[in-house]
Structures are given as C-alpha cells and as structure tokens.
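Me: Mind walking me through this one? I'd like to hear what sits behind each label.

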Amino acid sequence: MSVVIRAVGSALPARAVPNDDLPAALETSDQWIKSRTGIAQRYIAAEDETTSSLAIAAARSALDSARLTAADIDGIIVATTTPDLTFPAVATMVQRELGAPAGTLAFDLQAVCAGFIYAVGAADGLLQTGRMRRAIVIGSETMTRILNWEDRTTCVLFGDGAGAVIMERDDSLDALTGANPRGLIDLQMNADGNLIDILHTTGGPSSTQSVGHLYMAGKEVFRHAVEKMSGAVLQLLDAHGFTPDDVKWYVPHQANQRILAAVAARIGAPPERFISTVASHANTSAASVPLALHELEQSGELQRGDLMVMAGLGGGLAWGATLLRW
Ligand code: UT7
C-alpha cells in the first residue's frame, strides 16, 4: 500500500505587486528587499478574492490535472491561517463550491507556514487507515490581510495564493520496494510552543475578538528555520538510508532565498535542486510548498519515481518535512 500525490494545481490572485509599487511611506527599496530576501514581487488578493476562492481555484486546477471530478474524492483538507470566517472551515466552502458529495470529510488545519506539511501528514494517516480513499489537500492563504502595513520588517515579505494536491491510496504500490516504487516514504511533524513569542498574531477571536496583525522577530525565526528544516530533512534521509545527494528535488517553504541557500549548504545538497519561487510569490505561508511543487511539475522536469523532499517551518514554531518518491 502506498499513498501517492496524483496531481498538483495552484491559483494566484490577479494582481502582482512589484517591490517598487509598495507604499512609499514604508521607506523600503527594491534593492533592500531583493538583497535580503530574494523577493521581487508578491500577489495581493483583491477584495473579492479570498482564501476560499483561491482554494477552490487551486482545487479545480488539481482535479482537472488528475482528470477527476469532485465526485471522485472523499476528503478535503485545507491548511490555512487566514480563513474567510472564524468558522466554518474553508474546506466546507470548497466542498460546497466543488459540489463534492455530502459524505466527504472536510476540515481546516492550522500550522501556519508548516501547514501544508502537516496537512499532507494528516491526509497520509487518514488514507492509510482507510478513513478516506482520495483527498484534495490544499494550502491557501491571504496573509496580506493580516499584515501591519506600517511595519516594513514584515509587510514586504508576504503574499497571497493557493496550491493543491490530489492524494490517494494505491494498494498496488509500495514507496520503497517493487519495480516502480512510488509514494510517501516518511514524514516528520514537530512543534515547540516555547517559541510562540517570536512569530504570532497580535489578536484572535478568544483574546481580542479581532484577527490581529502578524508579528515576527525575523532574525531569530531565520536561525530556527535553517536549523530545524535542515535537521528534519537530514533525520528523514538518515532514517531510510538515503544521502542528500540521492534527493532529486527539494521543495521547501518559500520565506527567504537566503534561508533556502543556508538550508542547502547545511544539508550539503546542490542549491540548484532547491525549487525557489520566492522571487515571484514571496512568502505565501501554507500555500508556498504546493505552489512551488506545481511550478516544478509544470516545468516538465519532475519524473515518476524521483526522490523528493518537502519541508516547512512557521509560527508555533511548527515545522516538518516529507520524503517521497514522485
Ligand atoms: O514563514 C515563516 C518563517 N519566516 C521566515 O523564515 C523569515 C525569517 N527571517 C528573515 O527572512 C529575515 O530575518 C528578514 C528578511 C525578516 C530580515 O532580514 P535581516 O537580514 O535579518 O534584517 P534585519 O532584521 O537584521 O534588519 C537589518 C536592517 C535594520 O536596520 P538597522 O536596525 O540595522 O538600522 C532594519 O530596520 O534592515 C532594516 N529593515 C529594512 N530596511 C528597508 C528591515 N526591514 C526593512 C525593509 N526595508 N523592508
């Protein structure tokens, strides 16, 4: 039995905003943003574009790519920190718009920028136990809605978007053995609540009855991102007797080009195997990994059976990684 990713899709807001178009009052520059982060632009959702509308578009794109319809799925998991409403779950909005059957399992999961990794982990468990057979797993965010647009140390870093994968259980496959090994080999999901203070929002329904704004102590988060993502990846590889060189593609969370370079150096992997979309998407939190995965898939370079790693870290701190054969 193997759990495989059958197809990928994504969706971005219509409007891309280059660094030079950010408000002049921010006292920032294209040169600072590019040199410190690699970000050249971000997509910013218009008023009528929401986390659910982006999630629905990404889900449709993944279903089309898999040549499936909503009737073929029995699970919807949305990783998001920026839901349309406090409740119900964005996943139920996706279910309604797609017309997925009433018995479909649908819920949201919140692990901020590690959300997609956690959602893949949750889907893997539910698929393995037979609670569902085929699911749409989505990372969708409108992070620009919770930014403090007067804080130049954070507001230049984030963007909006969504990515989705179709995950299914295939009883005829194995991820490690057989003629054509394929599927999820292993994954890690970690958290350290002692680090809440360095990345959080300043409000929430139960404390301030408002969503608050994003706060980040950038330098500290940077250090943890490098240390924890590379640590998780190395542990996963080691547990299964792989070396960093065996991995064809690294699809990490897209927060900062310097983080990607530092993780590649610490792992000892060729940086060109690290997929980077940070220049065009900026940091889209839970959407960044599936958006980057879709870009890799669209490039035509991803081959069946390729060994691949996905990894992410975000508020909590929460972090994780997956090891799979495509
Ligand atoms: O998705 C969750 C995970 N998030 C991350 O992994 C992000 C991790 N952190 C980072 O990517 C980086 O730490 C940042 C991009 C946030 C900041 O880069 P940095 O190299 O750590 O810069 P810094 O915070 O040390 O700031 C350096 C200087 C400061 O000026 P002084 O104090 O040296 O005079 C800042 O005030 O740059 C200044 N600065 C800016 N200048 C122009 C900070 N933001 C800006 C800005 N434009 N937007």
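Me: Which residues does Ala 162 touch, not counting residues up to four places away in sequence?

Reply: Those are Ser 10, Ala 11, Leu 54, Ala 55, Ala 58, Gly 139, Ser 140, Ala 287 and Leu 291, where contact means heavy atoms within 4.5 Å. One ground rule: this is a predicted model, where local features need pLDDT of at least 70, side-chain atom pairs count only at pLDDT 80 or more, and totals for chains, interfaces and linings use all residues. Residues are numbered from 1 along each chain as its sequence is written, and side-chain values use heavy atoms, with hydrogens and water left out.

Me: Why does Ala 162 count as buried?

Reply: Buried means under 20% relative accessible area, exposed over 50%, and partly exposed in between (1.4 Å probe, protein chains only). Ala 162 has 0% relative accessibility, so it counts as buried. The residue lies in strand β7, residues 160–170; strands (E, at least two residues) and helices (H or I, at least four) are DSSP runs, numbered from the N terminus.

Me: What makes helix α9 mostly covered?

Reply: Of its 11 residues, 8 are buried. Among them are Val 289, Leu 291, Leu 293 and Leu 296, and Leu 291 is also one of the residues that Ala 162 touches. Just after α9, Gly 300 takes a positive phi of about 80 degrees.

Me: How do you know that Asn 256 has a polar contact with the ligand?

Reply: A polar contact is a pair of N or O atoms within 3.5 Å; within protein, one must be able to donate a hydrogen and the other to accept it, and residues adjacent in sequence count only if both atoms are side-chain atoms. A polar side-chain atom of Asn 256 lies 2.7 Å from a ligand oxygen, so the pair qualifies under the 3.5 Å limit. His 253 has a side-chain N or O atom 2.9 Å from an oxygen of the ligand, and a backbone N or O atom of Arg 152 is 2.9 Å from a ligand nitrogen.

Me: How many residues surround the ligand, and which element gives the most to that shell?

Reply: There are 23 residues around the ligand, each being near it if one of its heavy atoms lies within 4 Å. Helix α6 gives the most, with 4 residues.

Me: What makes up the shell by class?

Reply: The shell has 11 nonpolar, 7 polar and 5 charged residues. Ala, Val, Leu, Ile, Met, Phe, Trp, Tyr, Cys and Pro count as nonpolar, Asp, Glu, Lys and Arg as charged, and the others, Gly among them, as polar.
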